[in-house]
Amino acid sequence: MFGANRGRKLRDYVSNYVVFDLETTGTSPKAEAIIEISALKVVDGKVVDTFSTLVNPMKPISPGATAVNGITDDMVKDKPTLDVVLPQFNDFVGDYILVGHNIHCFDMKFIWKAAEETFGQTISNDYIDTLPMSRKRLPQLAHHRLVDIAAYYDIDTSGAHRALQDCVMNQLCFEYMQDEPELTPTKKCPNCASELLLRNGRYGMFWGCTNFPVCRYTENT
């Protein structure tokens, strides 16, 4: 898990993976800290092990974060700090591919920063984000939050916004979405095999790699 290079964003289904979720003191990966890490290890599409712990962030939790996840300063004040928890999470994950909802823009940025600042190494595991997957496979949904996808599949959403329950929902959604056809064919990056996304730049439309900034491949339309 710890390594010199950040992992790549993947899109194809895998049957062995670790689905994980974080709760944090706020929304900015640069300024805020992790207060909960939960994960489920999945082998052949079935959950075989669980990891979950609160984390002392050594800073106050914002009222806005507490309003969402229900985690208070008192709940974390006697919990282990990240330098203790992150190696435990590393051992749990091993070399498995990571899966999560909106992790490309949120959770991976927090976990990368935590590893780099605490241990001088980053997280090298490749990962799959179920948010863009849901947009391609469930275009009929008005919103693509994890609770929206879970509700679509009649998955219990009680306890949402606590990390472990979000992992439970996410794992089921990830498995169910494999049976849904994609709306459009996917164009892949020739350098890293990540998905290419059509973007509007200064000089017009172009294809850009979704693994940016790790991969900076582009091509003209």
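**Note on aromatic contacts and the internal cavity**

1. In this predicted model, Phe110 counts as buried because its relative accessibility is 3%, which falls under the 20% limit for that class. A search of the whole structure finds ten aromatic pairs, and one of these joins Phe110 to Phe106 in a tilted arrangement, with 4.9 Å from centre to centre and 50° between the planes.

2. Trp112 and Tyr127 form an edge-to-face pair, for which the centres are 5.9 Å apart and the planes make an angle of 75°. This pair links distant parts of the chain, since Trp112 belongs to helix H4 (residues 107–119) and Tyr127 to strand E8 (residues 127–129), 15 residues apart. Both Trp112 and Tyr127 are buried.

3. Phe20, Phe51, Phe89 and Phe92 are linked by ring pairs into a cluster. Phe92 also has a charged neighbour, as Lys41 lies over the face of its ring at 4.8 Å from the ring centre. A further arrangement of this kind places Lys187 over the face of Trp207, at 5.5 Å from the ring centre.

4. As for internal space, a search of the whole structure finds one cavity of 30 Å³ or more, and the largest cavity holds about 110 Å³. Its lining includes Lys9, Leu10, Asp129, Met133, Glu182 and Glu195. Strand E2 (9–10) and helix H5 (130–137) are the elements that give two or more residues to this lining, and H5 provides the largest share, four residues. By residue class, the lining of the largest cavity comprises seven charged and three nonpolar residues, with no polar ones.

Key: Residues numbered from 1 in each chain as written. Predicted model: local features only at pLDDT ≥ 70, side-chain atom pairs only at ≥ 80, totals over all residues. Heavy atoms only, no water. Phe/Tyr/Trp six-rings, centres within 6.5 Å; stacked < 30°, edge-to-face > 60°. Buried < 20%, exposed > 50% of the residue type's maximum accessible area, 1.4 Å probe, protein only. Lys NZ or Arg CZ within 6 Å of the ring centre and 35° of its normal. 1 Å grid on protein atoms, 1.4 Å probe; cavity = no way out; pocket = protein on both sides within 12 Å on 5 of 7 lines; lining within 4 Å. Points joined across faces, edges and corners; volume = space filled by probe spheres on them. Nonpolar A, V, L, I, M, F, W, Y, C, P; charged D, E, K, R; others polar.
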